[in-house]
Amino acid sequence: ILLIFRLLRVLRFFRVLHFFPNFTQIVKAFKMAMRESYAILLCFFVIIVIFGLLNCSLFKEIAPQYFSTPLESIYSVFRICTVEGWYDIPDTIAAGTSPLIGGLIRLYFVFLLILGGIIGMSFINSIFVDAMVSDNNDDVMKKLDELEKKIDELKKISEKQN
C-alpha cells in the first residue's frame, strides 16, 4: 500500500504544470494537432512496417544485425527515416556484396531516406506545427473580420456624407 502511495506522489507533478503560462492552450493545441495528424502518422507507421518487412526478407542473411527479425528490421527502417546513422546500414550491406549490387542497395536506401526521412518526416512535422499554431490563426482571423466590419461601416458613413 505504501508503494502505491509513493507512486501516486508522482502525480503531484501534474499540478505544478498548471502554473506555466498558457498551459491549457498548449494542451488543447497538442490534442488538436494529434487529432489532425493521426492519419498521417498512421500512414507513416504502415510505410515503415511495410519497408521493414520487405527489408527483413531481402537483407536477413546479408545484414542480420539490422534485419534478422521483423521487429529489428522495422526499427532499422525507423532509424533510416529519422536520419540517425542511416548510412551505416547500406554501407554494411554493400560491403558484403559486389560493387554493382552495393551501388543498387545504396540507391535503394537513398530512396528510402528521401521518401521517409526527408519527405515523410517533414510532412508530419509541418502538419503538426500547423495544427499547433492554428489557434493563433483563429485569433488573427477574428481580428481581421472585426477590422473588415469597421471598414465597411466607415465606407457606409462616407457614402452617406457624399
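Which helix does Ser76 lie in? A few notes on that and on what surrounds it follow.

1. Ser76 lies in helix α5. Please keep in mind that this is a predicted model. With a relative accessibility of 2%, Ser76 counts as buried, because the cut-off for that label is under 20%.

2. The neighbours of Ser76 are worth a look in your viewer. Leaving aside residues up to four places away in sequence, Ser76 touches Tyr66, Phe67 and Ile89. Cys56 makes a handy reference point as well: Ser76 and Cys56 are separated by 20 residues in sequence and by 9.7 Å in space, C-alpha to C-alpha.

3. Ile89 shows the same contact from the other side. With residues up to four places away in sequence again not counted, Ile89 touches Ser76 along with Tyr66, Phe67, Ile80 and Phe109.

4. Two of those names, Phe67 and Phe109, come back in the largest nonpolar core, as does Ile89 itself. This core has 19 residues, and the ones with the most contacts inside it are Phe59, Phe67, Ile89, Ile93 and Phe109. The elements giving two or more residues to the core are α3 (23-59), α4 (64-67), α5 (70-81), α6 (88-95) and α7 (99-161). Of these, α7 gives the most, with six residues. As general background, nonpolar side chains tend to be buried together in soluble globular proteins.

5. Now to the charged side chains. How many salt bridges does the count come to? The count comes to two. In one of them, the side chains of Arg79 and Glu84 meet at 3.4 Å, N to O. Is Arg79 buried or exposed? Its relative accessible area is 15%, so Arg79 is buried, the limit being under 20%. Glu84 has a relative accessible area of 40% and is therefore partly exposed, as that value falls between 20% and 50%.

6. A salt bridge also joins Arg106 and Asp91, whose closest N and O atoms are 3.0 Å apart. This pair links distant parts of the chain, with Arg106 in helix α7 and Asp91 in helix α6, 15 residues apart. Arg106 is partly exposed at a relative accessible area of 39%, and Asp91 is partly exposed too, at 35%. In general, side chains of opposite charge can pair when their charged atoms come close.

7. If you have time for one region, I would start at Ile89: it is among the core residues with the most contacts, and it touches the buried Ser76.

Terms used
Residues numbered from 1 in each chain as written. Predicted model: local features only at pLDDT ≥ 70, side-chain atom pairs only at ≥ 80, totals over all residues. Heavy atoms only, no water. Core = buried A, V, L, I, M, F, W, Y, C linked by side-chain atoms within 4.5 Å. Buried < 20%, exposed > 50% of the residue type's maximum accessible area, 1.4 Å probe, protein only. Helix = DSSP H or I, 4+ residues; strand = E, 2+ residues; numbered from the N terminus. Contact = heavy atoms within 4.5 Å. Salt bridge = Lys/Arg side-chain N within 4 Å of Asp/Glu carboxyl O.
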